[in-house]
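Let's take a walk through a protein model and see how a few of its parts fit together. Have the structure open and turn it around as you read.

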Amino acid sequence: MLRTLSIFLFLLAAAALSAAPDASRARLLAALVAPADQQVAAVRALVGLEDAALVPTLTAWRAAELYLVTTGTASPVPALLAPLPGDADGRLQALAVADGLPVKDPATGQPLTFAPKELKALDTTAPLRRAIRDVLEVAGVADPSPAVRRESIERLGQSRKADHLPLLQARLAIEFSPAVRSALQDAIAFIQLADPAVEVRLQAITDLAAAHSLAAAARFKEQIALPADAPGAASPVELAALKTAVKTIEDHWSRVNFFGNLFRGLSAGSVLLLIALGLAITFGLMGVINMAHGELMVVGAYATFVVQNLFAAAFGPGSLAFNFYFLAALPVAFAAAALVGLVIERGVIQFLYKRPLESLLATWGVSLALQQTFRLVFGPANVQINAPAWLQGGTALYDVAFAYNRLFVIGFAVLVVFGVWLVLNRTPLGLLVRAVMQNRQMASCIGVKTTRVNMLTFAFGSGLAGLAGACLSQLGNVGPGMGQLHIIDAFMVVVSGGVGNVLGSVAASLGIGVTDQLLQPVLGAVMGKILVLFAIILFLQWRPGGLFPTRSRSLD
Amino acid sequence: MLKKITQTLGAGAFALGALASALHAAETVKVGVLHSLSGTMAISETSLRDVLLFTFDEINAKGGVLGKKIEPVVVDGASNWPLFAEKAKQLLEQDKTAVTFGCWTSVSRKSVLPVYEQNNGLLFYPVQYEGEELSKNIFYTAEAVGQQATPGVDYLLNELGKKKFYLLGSDYVYPRTTNLVLKEYLASKKIPAANIKEVYTPFGHTDYQQIVAEIKQFAASGDACVVSTLNGDTNVPFFRELANAGIKSEDCPVMSFSVSEDEFRGLPTKDLVGHLGAWSYFMSLDTPANTAFKKNFFAWLEKSTVPGIEKKGRVTNSPMVLSYVGVYLWKAAVEKAGSFEVDKVRAALESGVVFDGPGGKATMQKNHHMTKNVYIGETLADGQFKILKSYEGVYGEPFLKGTFK
């Protein structure tokens, strides 16, 4: 979308300018085809070049979307690809950077059309892309999009070059977007830290502290650490200002980290909850030690993979409709896992309700068989699942980063818990389930078809595992061994929450998630995990029934 | 004693059979292939078996070694480290292989090491490793720390001007030893300890939220980079989280030492574009030797009748090429020594045989490691690397701990 827009703007601008071939365009073209060792310098020399083609051309180059088009015997022409008006085959026309006009066939004079695959994109390297970025940043200060302006300005500030100061100050005078204004003020303050006048420097320090700039804090600390007689050392007044500033900034970030940890804990807890919820029903309520629970999640994940491929085949992997494959995959994952659960219950578990240890062994066997089946069907390697566009990226609030896929998982976990509560407490099936789980014989005596209820409950729990698998496919890997990674976590949550109690699982998963994330920054991922496990052992010594122990005859 | 009796029996009672096998032995030389063809490591190691079988066929087609055809004995270590030792014993004592090509993980190598030393066997080891080991019975065609990690860091320091290093690794011996060396190396380059952060995650870790949040703040100053020794599929959640947090390769590049072209077959490369890798071979190397190697290998794959071999979407990578180079170095040494005897072959190898392989010239050193080229590459969207810089003829030194102090 943005690309189309920029090409459109380029077209407009090029049309306006094409009458007067000017020196600036020639410089741009020269930079594009400069020899490899001089290219970085040539690109850097483009800073401040006033040419409408500069930004679209460099942006496309950086994204490897600038192509060299060869026509007949003439030397290759750098060009951008743009959709051909009124053409349905997806063929593109090449707009030459030199004049913004379509590249024509020298023999017939007709515009040439291309598919991107037929052309070779102009190469870039990391140093070259950095040079392009630097040029674009200066140009970006006047970009129509506030987001681009802001990003460019932030970088210019970090570069701390005094020559950018007039450009930024000029922009501040006419800038209207508040976010960009604050970025401008930060950038100016950053550059002014090296100002000769002490008042300007002090003001800059205060401004940066108010903006909670981490980069500034690092810089301040370096300056504080300088010996008093070193060149560039701060005067006593300045030193005090620097120290206060560092403290303000660090306080801010420790608050940010605290809230960030809470969010990350919540998200980790939601993942645990989704994993464990199905087990809370099959193991917690029904008392079946289901070692194949992890593989039921894998069924859900592979179902997502299949739906993704179907969508990609039907609508094309880049299409708008493809982005909604995940929503379609959720019910499919539930159904597929529920079906497999149903088969396991009918085939194995129904004979083992009174023999929990045998059910442990039998379901372990089922889990091995399922893993091998996945290997045979989908291959031993992990399969690739592409996140839909709306689950990629993230946003930030008060400097705390929120990734969209994490937000989705939290929201989804809440929905699923609510759904489970509804099913168990507000439907006839739920009533029967609770009756059978409390006392199977008595329920049977008063006419409840316990075998049917068992079957449906197990299928429901398995379906929840499928949903968890679908969600996990957006966070981690999908492969035949994926279930084994999560089965321990699932049992950990259900046991510490209290067997036989869904609410206990909710509390336990959130507790474990938050504790894990709070410990991680201090102790590291490995030690954090060990400590959490250790804490759970101690907790279960103290309260063997878990957080919310249930008294039930079926469990005794 | 029992062995002796069976041997006597074998020689006496089955004279005819022994004669036949002796005749057979005159035409072929047995060579062991010891890789995991099942279990967790199978994904990576099966590729090495494939390339080894290809190399043997290539050599046999040109007349073999010292006029003898190579007869591969393929055994499966099954990602089970004690089993590796048993299989090695079988190769040496039962099959009497002249040489073995094998092992991927350091723990599998450590587990077969005593077997090779006891039986005076010969093992070629092709996968990047942490060093700190030198056995007279093992030749390490692998990248030592100084042939991957330190050139990688050099690139970050000198070409990209990075000043802050976030060392992230899976929690086992290779990342920990590598990072130990890197910390000493960085200290010798005047990088203060406060600018280095070292973090490990367990195998199969999927929750990188905390670490990515930390990297984001670490990289706020714009001069930071990540040096990653994360192994296997943990890279997927890591790079996905990194992309979601909006950390771009231009701001904070990730230099990975354990992600090669073969791993890209199972990774969403989109999230990795622009990040860096360091190896002594890249599939994208544009040299005649590499073009020929790729052409012949893929043609061989096409025709191959090895059961269950994957033919679609195959790539070549550094461990594969180092396996290939290992076979040719062994061949060169055998021809130089004029014998398959381990002691003579070792002496020939130590004298410095050379092979011009797909990754450039490789010379075996006296310390059983190789002098070879090291390349820094940048990930492209198609799962290949674009080569940014090459360091020619880097000496292989296994004992780096403490040398930069």
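## Before we start

A quick definition first: the helices and strands named here are DSSP runs, numbered from the N terminus, with a helix taking at least four residues and a strand at least two. Also keep in mind that this is a predicted model.

## A helix and what covers it

Let's begin with helix α6 of chain B, which spans residues 149-159. Its buried residues are B:Ala149, B:Thr150, B:Pro151, B:Gly152, B:Val153, B:Tyr155 and B:Leu156. After α6(B) comes B:Gly161, and this glycine has a positive phi, near 65°.

So what covers the buried residues of α6(B)? The cover includes helix α7 (173-188) of chain B, along with strands β8 (224-229), β9 (254-256), β10, β13 and β14 of that chain. Strand β13(B) deserves a closer look.

## Strand β13 and its partners

Is β13(B) mostly covered or mostly open? This strand, residues 370-379, is mostly covered, with nine of its 10 residues buried.

Now for the neighbours. Strand β10(B), residues 276-279, pairs with β13(B) in the antiparallel sense over four bridges. You can spot this pairing where B:Gly277 sits opposite B:Gly377. Strand β12(B), residues 360-364, also runs antiparallel to β13(B), joined to it by two bridges. Look there for B:Thr363 facing B:Thr371. Then there's β14(B), residues 385-394, antiparallel to β13(B) as well and linked to it by seven bridges. In that pair, B:Glu378 stands opposite B:Lys386.

## Two hairpins

Strand β13(B) takes part in a hairpin with β12(B), and five residues lie between these strands. In the turn, B:His368 has a positive phi of about 65°.

The strand also forms a hairpin with β14(B), again with five residues between the strands. Here B:Gly383 is the one to look for, with a positive phi near 80°.

## Where the chains meet

Finally, zoom out to the contact between the chains. How many residues does each chain bring? Chain B contributes 33 residues and chain A contributes 38.

On the chain B side, α3 (42-61), β7 (196-201), α8 (209-218) and α9 (235-244) each supply at least two residues. Helix α8(B) gives the most, with six residues. As for chemistry, the chain B side that touches chain A is made up of 12 nonpolar, 12 polar and nine charged residues.

Methods:
Residues numbered from 1 in each chain as written. Chains lettered and ligands numbered in written order. Predicted model: local features only at pLDDT ≥ 70, side-chain atom pairs only at ≥ 80, totals over all residues. Contact = placed C-beta atoms within 7 Å. Nonpolar A, V, L, I, M, F, W, Y, C, P; charged D, E, K, R; others polar. Buried ≥ 20, exposed ≤ 12 C-beta atoms within 10 Å, placed from the backbone. Pairing = 2+ DSSP bridges.
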